[in-house]
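Work through the following exercises with the sequence and the structure side by side, and try each task before reading its solution.

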Amino acid sequence: MITKSDWETVRQAMIAEDRARLGDPPTVEELERYRRGELSDGEAERIRELLVAYPEIARAMTAPFPESNGHLPAAESAGYWKALQARIAPKPLAPVIPLWKRPVWTAVAAAIALVFAALYLRTASQLRQTSVTLAPRVVDGEQELRPDGRRGPGEEETVLTAAGDSYVLSVALAQPNEYPRFRITLVNADGVALWSATGAPRENGTFVIDVPRAFLPAGRYQLVEHGLAGARATRLATYTVRVPKR
Amino acid sequence: MNARNDAADREREFSAMYERHFGRVLRFFRAHTRSKEDAADLAQEAFVRVHARFEQYRGEGEWTYLQTVARNLLINFWRERSAAKRSGQEIHIETPDIAAELPKTEQPDYGDEQEKRQRQQRLQEAVRALSSGQRQVILLQMDGFTYEEIADALEISLDAVKSRRRDAVRALKNRLGDDVAMPEEER
C-alpha cells in the first residue's frame, strides 16, 4: 500500500531534484512578467516548474491577505509603531554654514539651485491648479477594452483615445456571470499597482472606468481583472493598453 | 508654514493607514514565515517602503500598493532562504566523525526498509511519467494547495486543474493499481 508518508518522501525527493536542475527561484520581476502574460510559452512553463519546486514562493505569490487586523495586544502594537518611527523619522540635519562663509562656487551653485527651485514650485502649483479644475462634461462614447488574447490578430494592445480630459474605458469582463463582484487593478509597466477598485458588473457584463488623462503619462499599462467570491480573488484576464505621446 | 502643515497631514494619514492595515500585514507574514521575529521585521520593512512613496499612493491605492510591497518582500525573503540553503554545505551522514556522535537506534527491519524503498521508487517513476501539467497539479496539491490556489499559481482555469488532477489519478492508478493513497479530491 502506497501511503501518505511515501507520497511526502517522493515529493521531497522530486523537489530537491527539480531545484538542482532548474536553479534559483524566480525573481519578483520574472513573476510580475509571468502574471502579466508577457513571457513566451517556454519561459512561462519554466516559471511554473520553479513555482512547483519552490512552493513557498508560489504561496507568497498567491496567498490572500487576512480580511481583518485580528487581535494585536496594545503593548505589542505600540512597540512595533515605535520601532517603525525610529526607522522613518527624518535624520538630524548637518550644522548649517551661512552662505557667506562658504567658498564662492558653493554660493553660486546654491543661488542657481534656488532659482530652479522657485521655477519648479511655480510650475508644480500651476499643474495642481489645472488638475483640480472640474466641470460638467458630456461623455461622448466609451472605449471598449477586450481581454488580452481575445482581440483581433496583430492587436497586442489597445491604444487609448481620450474623450476630453478623460479616458472612458468600458472593460468587457472575461467571465461576467461567474462572480458576484470583480476587482480591476491598473498596473504600470514596472508592475506597480497604481489604482484598484471593486464592484459588480453592469447588466451587459462591463465595468466602466473614467481615468483622468493627467493620471496616465504616455506608456504601457495593464488592467488586471479578478473575480471575487468571499475571501478569494481569482485572476481572470488582463487588458494591455498603451497611452500614446501627446 | 504650508509645507509644515502638509508634512503633518501626511504623517497623520500614514499613522491612520498603519492603524488600518498593520495587523493584516503582520498576520500575512506570520502565516507565511516560520518565526514571529521574521514576520515583524518584514511587516516593518513593508511600511518603511510604503512611507517612502506614500505621497504617490495614499488614499484609494494605498492598500493595493501595500499588498504588492508585502508580497514582493515575502517572495524575496523566501528566495534568499532558498539560495542560502542551496549554497550551504551538505553534510553527509556517512561522515565518520558525525556518524560516531549519532545515538544508536533500534536495529531496523531490513525487509520492511527495502519494501518501502521499492514502493517509493515505483511511485516516483509513476509521477515522473505524468505529463508536466499533471505533475505540477499533483505536487502542489500534495503540498496543501487548494484547487483555486493551484489555478492561480499556474495561471490556468479551475476546470483545467480538476481535469489534470483527474487524468493524473487515472494514470497513477493504471500504473500502480488501486492500492495507492491518492491526494484527496476537493469537495
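The exercises below concern a predicted model, and each task is followed by a solution in steps.

**Exercise 1. Confidence in chain A**

Find which helix of chain A has the lowest confidence and which has the highest.

Solution. Begin with the chain as a whole: the mean pLDDT of chain A is 82, and 87% of its residues reach 70 or more. Then go through the helices, where the lowest confidence in chain A belongs to helix α6 (residues 104–131), with a mean of 76, while the highest belongs to helix α3 (residues 41–53), at 95. As a rule for reading such values, predicted coordinates should not be read in detail where pLDDT is low.

**Exercise 2. The make-up of chain B**

Determine how many helices and how many strands chain B contains, and what share of its residues is buried.

Solution. Counting the elements of chain B gives nine helices and zero strands, and, read from the N terminus, they follow one another as α-α-α-α-α-α-α-α-α. Turning to burial, 29% of the 187 residues of chain B count as buried. Finally, among the contacts in chain B with a separation of 6 or more, 52% are made by residues 24 or more positions apart.

**Exercise 3. The nonpolar cores**

Identify the residues that touch the most other members of the largest nonpolar core, and the helix that gives the most to this core.

Solution. The largest nonpolar core has 52 residues, and those touching the most other members are B:Val25, B:Ala43, B:Ala46 and B:Leu74. The helix that gives the most to this core is α4 (residues 62–87) of chain B, with nine residues. Looking next at B:Val25, and leaving aside its neighbours within four places in sequence, we find contacts with B:Ala43, B:Ala46, B:Leu66 and B:Ala70. There is also a second, separate core of 17 residues, which includes A:Tyr179, A:Leu186, A:Phe207 and A:Leu223.

**Exercise 4. Where the chains meet**

State how many residues of each chain take part in the contact between chain B and chain A, and which helix supplies the largest share of the side of chain B that touches chain A.

Solution. On one side stand 49 residues of chain B, and they are in contact with 50 residues of chain A. At least two residues of the chain B side come from each of α1 (2–32), α2 (36–52), α4, α6 (110–128), α7 (132–142) and α8 (147–154). The largest share, 14 residues, is supplied by α4(B). Sorted by class, the side of chain B that touches chain A comprises 23 nonpolar, 14 polar and 12 charged residues.

**Exercise 5. Two helix pairs that share α8(B)**

Work out how α8(B) is oriented relative to helix α4 (residues 55–62) of chain A and to helix α9 (residues 158–176) of chain B.

Solution. For the first pair, the axes of α4(A) and α8(B) come within 10 Å and cross at roughly 95°; angles of 65 to 115 degrees count as roughly perpendicular, and therefore α4(A) and α8(B) are roughly perpendicular to each other. A:Ala58, A:Met61 and A:Thr62 of α4(A) make this contact with B:Glu149, B:Asp152 and B:Ala153 of α8(B). In α4(A), seven of the eight residues are buried.

For the second pair, α8(B) and α9(B) pack at an angle of about 110°, with their axes 8 Å apart, which makes α8(B) roughly perpendicular to α9(B). Here B:Tyr147, B:Glu148, B:Ile150 and B:Ala151 of α8(B) meet B:Leu158, B:Val161 and B:Lys162 of α9(B), and by class this contact has five nonpolar, no polar and two charged residues.

Note on methods:
Residues numbered from 1 in each chain as written. Chains lettered and ligands numbered in written order. Predicted model: local features only at pLDDT ≥ 70, side-chain atom pairs only at ≥ 80, totals over all residues. Core = buried A, V, L, I, M, F, W, Y, C linked by C-beta atoms within 7 Å. Buried ≥ 20, exposed ≤ 12 C-beta atoms within 10 Å, placed from the backbone. Helix = DSSP H or I, 4+ residues; strand = E, 2+ residues; numbered from the N terminus. Contact = placed C-beta atoms within 7 Å. pLDDT = per-residue confidence, 0-100. Nonpolar A, V, L, I, M, F, W, Y, C, P; charged D, E, K, R; others polar. Axes fitted to C-alpha atoms, helices over the stretch in contact; angles between N-to-C directions. Parallel < 35°, antiparallel > 145°, perpendicular 65-115°, else oblique.
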